[in-house]
Amino acid sequence: MSSNQGGPGAPINDSPGGRIVGGPDAGSPVAREVPPFAVEKAPQPGRMRGMPARAGSALRGALAAAGRFLWRAVQWIQRLVVRRWRTSLQFRTVLTTLVIASIAVIGVGGYLAGQISNGLFKERLAQAQGESSRGSSQVQESFSNASLSDQPRVSTFVKDTLKLLEVGGTDDNRKYLMVKIPKQDSTLTVSSVGSIGITSAIIPDELRQAVQGDRPGQYWQSIELPTGTSGMHPAVVIGSQVELLNTNYELYMIYDLNSAQLTLNYIQSVLWLAGAILLVLIGAIAWYVTRMVVQPVSEAAAVSEKLAAGRLEERIPVVGEDEMARLATSFNKMATSLQDQINALATLSEMQQRFVSDVSHELRTPLTTVRMAAEVLYDARDDFDPINKRSSELLFHQVERFELLLADLLEISRFDAGVADLDVESLDIFSVIHSVIDGATPVAEANHSALSVVTRLRNHKCIVEMDARRIDRILRNLVLNALEHSEGSPVKIFVSADESAVAIAVRDYGIGMSPDALEHVFDRFWRADPARARTTGGSGLGLSIAMEDARLHSGWLEAWGAPGEGACFRLTLPRTRRGELAHSPVPLPPDGGAAAASRNLYTGPIMINTGSFGVVGALGAINPAAATGSNSAAGNGGATYGDHSSGDSSRAES
């Protein structure tokens, strides 16, 4: 029966190293005689107070600078790792493999180290318990057969008997200590006998209480054994009771386990070194394997980017006959097929463009002759009978429409050939809008649509570097399209500008456009409803030409539409020739896109009798009476602002 505070499972731990403190031999300073002429003058008290403060301030500054440098270095490394994690599949794979392998190596290594430590301790403890049991039995037998009559002989006998315990241990690392149990009266006793450096102070109190309380028991506990200059060694102490001359003693045998600890340290170092080498090998293997897979993918991505940039001759190098080689071969075949098709389409497109250009130029001469003849017949139509008169009118209008179609085809051929250029000059954008509205007024009256302008610009003036002919063509096309599809509802032209851009949005509240129509609205020869009757003629090239004109100005031409809510086309231009657009001053659509917006925003009709038009000052609800007054002012040659019920007028631009 035994009681353990330690136990077989207790690990063997390294002990901190010791050191000798004090004394000249331990590094204490040795006084030296200083000659009289070498004595320096003591510094002044004021300077002595200032020097530590300056030194402390400099030290704090240096530490702060070092801390900032380390923080920046850590942030840089963190950003580098995060960027590599996002952009490199190989880095993510290798790092993930290393993390998982590290967890496995640490877990397995820790488990093996614990098992080896536990097994080694159990083996050494069992060996120590056996030796201690035999040693205490031998001591007790010698004590029982002893016949002693005086104190000196008792002390000598005890020392000689206990010294035999030191030479019987494994590797001669066993020490002993025998202490008299307190509260015993006897004349022939020994208070304490032990090996050199062993005292009762190293024996734990719990172990002493257990040994003192149970005579036949044997108890053990792990301790740290002082070893002089070497510090502390792991050890195990085993205690039991012995009796000499009717006096009970505590007999402890201390086993130094430092040799076992050194063995364990060596085994652990070998395990961790092997784990580190294994991690390096796993990382190298993962890097090599992932490189074999990722490198062809990276090459394919690089070649794909080059193909997308127009370098159709690029191909992936094919190495070997594995899956990656077959992938590269298939990719190259696909690239070759795409190159052939693209080249064929480019050749066909070039032939078509040349055909359109040649036919358009060739038709100009006969068309001019036909138009002259049609004009003669049209001018003399009053002399014809009704049937011939109607035929001459149809001939005249169709020839005129044919001439417009031919002009559009010639313009498209110029864009395709890349010879279209700009005749840029600084003009007021409102002068172009004025010209467009004057030309579109008859169509607005025929469709019973009110045509109006809404602007945020107080002075109704905005200077833009532009080609007036092309901008006029864009706006005229947008306004005529809006009038044709307005179904009699108002058509509004929204104008706004800031320091870098100007925007004109043409908004109608007619039939609107479907999402599919929005995708094709700028395609050539495309019409939303081919069966719909057209009042303004056209070839289906107007919006395509308008888009090309906008691109020549480095501008945007965008469309919005919803069935039943109307449509809106927005033209955004930089105010200078070399300007770049980052935003548009007018939303798309400007009024939020609700069908009720036509009732929430009142604008007066166009005034054509004086060559001017009514302008409303801000986006928002406007008092109709005030707007009417504004229109009358416009009729007198100017435009004024009405009363605003919304707060948008506070954002009016100068």
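Does S554 count as buried, partly exposed or exposed, or in other terms, which class does its relative accessibility give? At 38% relative accessibility, S554 counts as partly exposed, since buried means under 20% and exposed over 50%. The structure discussed here is a predicted model. The points below cover an open five-stranded sheet, a pair of helices that are roughly antiparallel, aromatic pairs, a largely enclosed helix α11 and several backbone features, among them a cis peptide bond from L588 to P589.

**The open sheet**

- Five strands make up an open sheet, arranged in the order β2-β1-β5-β4-β3 with antiparallel pairing.
- The edges are occupied by β2 (192-194) and β3, each of which has a single partner strand, so one side of each is left without a neighbour in the sheet.
- From one strand to the next, the twist averages 25 degrees.

**Strand β4 and its partners**

- Strand β4 spans residues 232-244, and 11 of its 13 residues are buried, so the strand is largely enclosed by the rest of the structure.
- Strand β3 (residues 219-226) runs antiparallel to β4 and is joined to it by eight bridges.
- Within this pairing, L225 stands opposite H233 of β4, and P226 has M232 of β4 as its bridge partner.
- With strand β5 (residues 247-256), β4 pairs in the antiparallel sense over 10 bridges.
- In that pairing, Q241 has E250 of β5 as its bridge partner.
- β4 and β5 form a hairpin with two residues between them, and L245 in the turn has a positive phi of about 55 degrees.

**Packing of helices α2 and α5**

- Two packed helices are described by the angle between their axes and the distance between the axes.
- For helix α2 (residues 89-144) and helix α5 (residues 258-308), the axes come within 9 Å and cross at roughly 160 degrees.
- Angles over 145 degrees count as roughly antiparallel, and α2 and α5 are therefore roughly antiparallel to each other.
- The crossing in which α2 passes α5 is right-handed.
- The residues of the contact between α2 and α5 comprise 21 nonpolar, 11 polar and one charged.

**Aromatic pairs**

- A pair of aromatic rings is described by the distance of the centres and the angle of the planes.
- Three aromatic pairs are found in a search of the whole structure.
- One of the pairs is formed by F121 and W220, which are tilted, with 5.9 Å centre to centre and 55 degrees between the planes.
- This pair links distant parts of the chain, as F121 lies in helix α2 and W220 in strand β3, 99 residues apart.
- F121 and W220 are both buried.
- Y378 and F396 form a stacked pair, with 4.3 Å centre to centre and 15 degrees between the planes.
- The stacked pair also joins distant parts of the chain: Y378 is in helix α6 (residues 323-379) and F396 in helix α7 (residues 386-417), 18 residues apart.
- F396 has 17% relative accessibility and therefore counts as buried, the limit being under 20%.

**Helices α7 and α11**

- L405 is located in helix α7 and is partly exposed, with a relative accessible area of 28%.
- The C-alpha atoms of L405 and G542 are separated by 9.7 Å, although the two residues are 137 residues apart along the chain.
- Helix α11 (residues 542-552) has eight of its 11 residues buried, so the helix is largely enclosed by the rest of the structure.
- The buried residues in α11 are G542, L543, S544, I545, A546, M547, D549 and A550.

**Backbone features**

- Most residues other than glycine have a negative phi, and most peptide bonds are trans.
- S554, found in the loop between α11 and β11 (556-562), is a residue other than glycine with a positive phi near 60 degrees.
- K183 is not a glycine either, yet has a positive phi of about 65 degrees.
- K183 lies in the loop between β1 (174-180) and β2, where it is exposed, with a relative accessible area of 86%.
- The peptide bond from L588 to P589 is cis, with omega near -5 degrees.
- P589 is located in the loop between β12 (566-574) and α12 (597-600).

How values were computed: Residues numbered from 1 in each chain as written. Predicted model: local features only at pLDDT ≥ 70, side-chain atom pairs only at ≥ 80, totals over all residues. Heavy atoms only, no water. Buried < 20%, exposed > 50% of the residue type's maximum accessible area, 1.4 Å probe, protein only. Helix = DSSP H or I, 4+ residues; strand = E, 2+ residues; numbered from the N terminus. Pairing = 2+ DSSP bridges. Axes fitted to C-alpha atoms, helices over the stretch in contact; angles between N-to-C directions. Parallel < 35°, antiparallel > 145°, perpendicular 65-115°, else oblique. Left-handed = near helix turned anticlockwise from the far one by under 90°. Nonpolar A, V, L, I, M, F, W, Y, C, P; charged D, E, K, R; others polar. Phe/Tyr/Trp six-rings, centres within 6.5 Å; stacked < 30°, edge-to-face > 60°.
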